[in-house]
Amino acid sequence: MGESRLLSRAEALELGPGWRHACHALLCAPCPGRLFGRVPLRHAVLMQMRFDGRLGFPGGFVDPQDGSLEAGLNRELREELGPGAAPLSLAEGDYLGARCEETPQRLVAHFYAKRLSLEQLRALEAGATKAKDHGLEVLGLVRVPLYTLRDGAGGLPTFLSNSFVGCAREQLLQALGALGLVPEAELRRADAASGNGP
Ligand SMILES: O=c1[nH]cnc2c1ncn2[C@H]1C[C@H](O)[C@@H](COP(=O)(O)OP(=O)(O)O)O1
């Protein structure tokens, strides 16, 4: 993705009719386990492998008949994660920010985050194969490794070297920092070590 501009929800909604709005969400839960009995997992953070081979967050375009950004997001979450997403009901309070890019597509990407219990997150993972879009637009959920292994590359840096859709990589880094899921200094090191920065 090229240069994107950060906006508040209100600013994004004032952009006018030429813009399409899409909403995506990071869902996470505290995860007390240790990889190999040694490396703290910290949190379970969900992303998905998409039909186009890129990584992104669950969500999608808001339709005019949705009525609100959040109604569109919750509809998309049910389509992509299955009926288990219905009780999540993301709201304006879960809003993290918007990014827009002055490309011919004129997309505003709204981003949300919600903390779940590990039980809720595991139930979502288990039910996701029953979703309408499973095996079609969504090939599977993945957890983001939040640690960096001793070699300085394995874990988050290597994950960040994948191909991400739109501004999903920037959204991931923003949320991991804002929610305090990974210390900022470690995030910056992982970003630089990935060799896939802006
Ligand atoms: O995770 C994402 N973060 C930012 N932008 C994203 C993300 N996933 C897709 N996109 C972009 C790509 C498209 O321009 C729109 C909508 O895509 P998608 O989610 O595939 O929409 P539908 O499910 O087809 O409604 O956002």
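Is Gly53 buried or exposed? I start there, and then walk through the other points I noted on this predicted model.

1. **Gly53.** Gly53 is exposed, because there are just 10 other C-beta atoms within 10 Å, and a residue counts as exposed at 12 or fewer. You will find Gly53 in the loop between strand S5 (43–50) and S6. A partner to look at from here is Leu141: Gly53 and Leu141 are 88 residues apart in sequence, and their C-alpha atoms are 13 Å apart in space.

2. **The annotated domain.** UniProt, in an unreviewed entry, places the feature "domain: Nudix hydrolase" at residues 18–173. In the model, that span is 22% helix and 31% strand. The C-alpha atoms at the two ends of residues 18–173 lie 28 Å apart.

3. **Around the ligand.** There are 16 residues around the ligand, and those that come nearest are Gly56, Phe57, Gly60, Gly166 and Ala168. By type, the shell divides into eight nonpolar, six polar and two charged residues. Which elements supply at least two residues each? They are strand S2 (20–30), strand S7 (59–61), strand S9 (107–115) and helix H5 (168–178). S7 gives the largest share of the shell, with three residues.

4. **Helix H5.** H5 deserves a look of its own. Its buried residues are Ala168, Arg169, Gln171, Leu172, Ala175 and Leu176. These residues cover an arc of only 160° around the axis, so they sit on the same side of H5. The buried residues of H5 pack against S2, strand S6 (55–56), strand S8 (95–100), S9, helix H4 (156–160) and helix H6 (184–194). Gly180, with a positive phi near 70°, follows H5.

5. **Ala175.** Within helix H5, Ala175 is a good residue to centre the view on. Ala175 is buried, because 21 other C-beta atoms lie within 10 Å and the cut-off for burial is 20 or more. Leaving out residues up to four places away in sequence, Ala175 touches Leu26, Leu96 and Ala113. With Leu96, the C-alpha atoms are 7.7 Å apart in space, though the two residues are 79 apart in sequence.

6. **The nonpolar core.** In soluble globular proteins, nonpolar side chains tend to be buried together. Here the largest nonpolar core has 48 residues. Which residues have the most contacts inside it? They are Ala25, Leu26, Leu27, Val45, Leu73 and Tyr112. One of these, Leu26, touches Val45, Phe57, Ala113 and Ala175, not counting residues up to four places away in sequence. Phe57 also belongs to the residues that come nearest the ligand, and Ala175 is one of the buried residues of H5.

7. **Cys100.** Cys100 is found in strand S8. Cys100 is buried, with 20 other C-beta atoms within 10 Å, and it qualifies because the cut-off is 20 or more. Setting aside neighbours within four places in sequence, Cys100 is in contact with Ser4, Arg5, Leu7, Ala12, Leu15, Trp19, Leu107 and Val108. For Gly72 the picture is another one: Cys100 and Gly72 are 28 residues apart in sequence and 18 Å apart in space, C-alpha to C-alpha.

8. **Positive phi outside glycine.** Two loop residues may be worth checking by eye. Ser89 has a positive phi near 40° without being a glycine. Ser89 lies in the loop between helix H2 (69–81) and S8, and is partly exposed with 13 other C-beta atoms within 10 Å. Arg106, not a glycine either, has a positive phi of about 45°. The place of Arg106 is the loop between S8 and S9. Arg106 counts as partly exposed, because its 14 C-beta neighbours inside 10 Å fall between the cut-offs of 12 or fewer for exposed and 20 or more for buried.

9. **Ala123.** Last comes a residue of helix H3 (residues 118–127), namely Ala123. How far apart in space are Ala123 and Leu173? Their C-alpha atoms are 25 Å apart, with the two positions 50 residues apart in sequence numbering. Ala123 counts as partly exposed, with 14 C-beta neighbours inside 10 Å.

Terms used: Residues numbered from 1 in each chain as written. Predicted model: local features only at pLDDT ≥ 70, side-chain atom pairs only at ≥ 80, totals over all residues. Near = placed C-beta within 6 Å. Helix = DSSP H or I, 4+ residues; strand = E, 2+ residues; numbered from the N terminus. Nonpolar A, V, L, I, M, F, W, Y, C, P; charged D, E, K, R; others polar. UniProt positions renumbered as here; feature names shortened; annotations may be inferred. Arc of directions from axis to C-beta. Contact = placed C-beta atoms within 7 Å. Core = buried A, V, L, I, M, F, W, Y, C linked by C-beta atoms within 7 Å.
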